[in-house]
Amino acid sequence: MYFSTFKICDVKPDPTDTGKCYHCCSTDLCNNVGCGEQDHRGLNGSMCYQCDGKLQSEACHQVTFCDYDELCQTVQYPYPVVGKRSVQREKCCNGDLCNNNLNDFLQTSTTIYTTSAESKGTSFLLLFTEGYLLQYATAKALLTTHNGGLYTAYTFGNSMNESWNLKPNQNEFALNHNVYMTDGIKHAGVELQGNKQISVFGFSYNNYSNDGYSGGYLAIPTNFLSRRYIIPSFNVYNQGSLSRSMIALTPLESSTTVNIHLKTTSGYLSFKSRQYSSGENITAVISKYDTLEISHTFDLTGTFISSSNPLAVVSGNKCNYINHKNGCNTFIEMVLPVEQLDTIYIVPHIATRVTSTLRLLSLNASSVTIKIQIITQW
């Protein structure tokens, strides 16, 4: 039996076929009780459109049944899916297929809901750029969960699987040293897959001294990875090998074509024995479980990456300084796809920082308003 919103029935009875029942009707969902079938809505509740991902309502052709304590829902896209908190516009309704028009549905709703972050998932890719004093470095995965779970860690470099039994709250696992990248393409990274929703942090710890040399990032679940990225980085303090700007990426699928449109303040970048300058393109075909890294002695902020399949991308610096006080630190973060960029941001003040640098990245030419507000008390 099929549930349809078509207004007419174009199937005509076959007088020679006595084993089939034909029942035509002319209203939405009327054929759910055709030929004596029991009305499923009477057993459950309302029927709603159900499509995952950023589909417009007219592109959704799947339905689902609600329990008696559930309602139909529509959520407006795009909205940030990774971070401490996310903001979304949503509305619920009661009635069969009432969430069938996204635009009309949301025009009547002006409520902004603050919800928990969508940084949780069951599949992740972890990458680590080349670290400073690598012989003292240890890569770690920090997994947080309320309910425990079972996870498998697949290490690209040695094709080994390791099973992790998670406990509630925080779990820490040391990774094989071959997860660290060097410039070029090689097997370096970790794939995590499990049966419970968790948040994952990739962390590079260096125990050489008390000066620092460590850094980490919040990992993006693989179902939120995409094919376009704008690279954030930072001014390279020392134009030698110490502080250089770095980018690493790995695809979700084999035979992925990657195009890197370079943007840099100066100098030439070397990749596969060729020199590239700002404005030129690096193109490579990468297999699954291969990772590509490029680095430069000048800032790579604004470099644009596009690909034929979704990628995980990290960027940062090998060991850089903010204001050249104390020791240098590894800068590394997992980059959000351009689909997750937004138009409104709140930038917190860091209490111990005398001055701050705000960097704005845009896919297109944009007009930006910056409002500075000083809060003296809560």
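**Exercises on strand β21 and a surface patch**

Strand β14 (residues 226-230) and β21 run antiparallel and are joined by four bridges, where strands are DSSP runs of E with at least two residues, numbered from the N terminus, and two strands pair if DSSP finds at least two bridges between them. The model is predicted, so that local features need pLDDT of at least 70 and side-chain atom pairs count only at pLDDT 80 or more, whereas totals for chains, interfaces and linings use all residues. Residues are numbered from 1 along each chain as its sequence is written, and side-chain values use heavy atoms, without hydrogens and water.

**Exercise 1.** Work out which residue stands opposite Arg-228 in β21, and which strands besides β14 pair with β21.

*Solution.* Begin with β14, whose Arg-228 stands opposite Ser-306 in β21. Next take strand β15 (residues 245-251), which pairs with β21 in the antiparallel sense over seven bridges, with Ile-247 opposite Ser-315. Strand β16 (residues 256-261) is likewise antiparallel to β21, through four bridges, and His-261 stands opposite Phe-304. Finally, β21 and β22 pair in the antiparallel sense over five bridges, and Val-314 has Met-334 of β22 as its bridge partner.

**Exercise 2.** Decide how many residues of β21 are buried.

*Solution.* Apply the cut-off for buried, which is under 20% relative accessible area (1.4 Å probe, protein chains only). By this criterion 13 of the 17 residues of β21 (residues 304-320) are buried, while across the 378 residues of the protein chain 40% count as buried.

**Exercise 3.** Classify Leu-358 as buried, partly exposed or exposed.

*Solution.* First locate Leu-358, which lies in the segment after β22 (329-334). Because exposed means over 50% and partly exposed lies between that and the buried limit, Leu-358, at a relative accessible area of 47%, is partly exposed.
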